[in-house]
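I set out to record what could be looked up in this structure, beginning with a few individual positions and ending with the overall form. The entries follow in the order in which I made them.

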Amino acid sequence: MVSLQIYILGNLSEGDRHPYDIKKQVQKAPENTITINDGTLYYNFEVLLKKGLIRKVEVVHSENRPEKTMYGITDEGRAFLEDEIYASFRKMSNIKSLYSSLLFLDKVDKNKLAFLIEENIEKLNRKLQLFGKSDVDLSDLSESKLLGARMISDHAYRSIMTDKEWLEKLLAAIRKE
């Protein structure tokens with residue numbers, strides 16, 4: 001939910017929009033990055049409105065069509081957007097959890113963001129060190145399960161390494177700006 005709220009607020013920070021406009025943008029996003037349905041989208045608009053993070057800017061009435069409400073972001077919404085982008089990096093569970101935030105990095109302080117990325121790189125380095133130190137006893141596994149266990153371990157290690165390298169690339173790009 002929060003990543004959708006980041007996406008909505010980020011878009012509204014760039015100009016007033018109708019929920020349907022944001023839905024069309026989501027549909028253009030690469031597959032599996034952001035998915036929504038109408039109910040979820042409009043529910044999140046209502047939540048953001050009730051929290052005072054967005055406001056109704058204009059309601060357009062036209063014949064034979066339902067009214068169209070345009071929304072804009074409030075100052076509180078801009079502050080919330082910034083806080084949530086930082087929070088997404090603090091609570092990063094995987095790179096995909098950052099997708100919405102990555103689209104709006106221009107809304108945050110680059111030095112603070114760099115610090116949060118460095119913290120995540122350190123966490124991943126600690127995980128990688130644990131892999132080298134862990135002496136998991138696989139002797140009780142049957143031969144058929146041993147291969148699977150080794151492959152799982154290999155995949156986990158490579159995934160952590162890939163995430164770390166990707167974060168290092170992001171950090172370098174942010175420092176260049």
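Entry 1, N11. I began with N11, which I found in helix α1. I note for all entries that the model is predicted. Is N11 buried or exposed? The relative accessibility of N11 is 3%, and because the limit for a buried residue is under 20%, I entered N11 as buried. I then listed its contacts, setting aside neighbours within four places in sequence: N11 meets R17, I22, Q25 and F104.

Entry 2, H18. I next located H18 in the loop between α1 and α2. H18 has a relative accessible area of 10% and is therefore recorded as buried. Which residues does H18 contact, leaving aside its neighbours within four places in sequence? I found Y42, K68, T69 and M70.

Entry 3, L53. I placed L53 in the loop between α3 and β1, the latter covering 54-62. With a relative accessible area of 6%, L53 is buried. Not counting residues up to four places away in sequence, I recorded that L53 touches L9, L48, I73, T74, E76, G77 and F80. I also looked up the pair L53 and L81: the two are 28 residues apart in sequence, and their C-alpha atoms are 9.0 Å apart in space.

Entry 4, R126. I turned to R126 in helix α6. How does R126 count at 46% relative accessibility? Since exposed requires over 50% and buried under 20%, I entered R126 as partly exposed. From R126 to S153 the separation is 27 residues in sequence, and the C-alpha to C-alpha distance is 16 Å.

Entry 5, nonpolar core. I then examined the largest nonpolar core, which has 37 residues. Which of its members touch the most other members? I recorded F89 and I117. The elements that contribute two or more residues to this core are α1 (2-12), α2 (19-28), α3 (38-50), β2 (65-73), α4 (75-90), α6 (110-133) and α7 (143-176). Helix α6 supplies the largest share, 7 residues. For I117, leaving aside neighbours within four places in sequence, I listed contacts with F89, L167, L170, L171 and I174. As general background I noted that nonpolar side chains tend to be buried together in soluble globular proteins.

Entry 6, elements and contacts. I counted 7 helices and 2 strands in the protein. Read from the N terminus, their order is α-α-α-β-β-α-α-α-α. Of the contacts between residues at least 6 apart in sequence, 63% join residues at least 24 apart.

Entry 7, overall form. What is the radius of gyration of the protein? I entered 21 Å, whereas a compact globule of 177 residues would have a value near 16 Å. The C-alpha trace spans about 75 × 40 × 25 Å along its principal axes.

Entry 8, surface and charge. Of the 177 residues, I recorded 34% as buried. The accessible surface comes to about 11,300 Å², and 51% of that surface belongs to carbon and sulfur atoms. How far apart are the mean positions of the positive and negative charges? I noted 28 charges of each sign, with mean positions 1 Å apart.

Key:
Residues are numbered from 1 along each chain as its sequence is written. This is a predicted model: local features need pLDDT of at least 70, side-chain atom pairs count only at pLDDT 80 or more; totals for chains, interfaces and linings use all residues. Side-chain values use heavy atoms; hydrogens and water are left out. A nonpolar core is a set of buried Ala, Val, Leu, Ile, Met, Phe, Trp, Tyr and Cys residues joined through side-chain atoms within 4.5 Å. Buried means under 20% relative accessible area, exposed over 50%, partly exposed in between (1.4 Å probe, protein chains only). Contact means heavy atoms within 4.5 Å. The radius of gyration is taken over C-alpha atoms; the globule rule is 2.2 Å times the number of residues to the power 0.38. Accessible areas come from the Shrake-Rupley method with a 1.4 Å probe; for residues, only the protein chains shown count as cover. Lys and Arg count as positive and Asp and Glu as negative; His and the chain ends are not counted. The place of a charge is taken as NZ of Lys, CZ of Arg, CG of Asp or CD of Glu.
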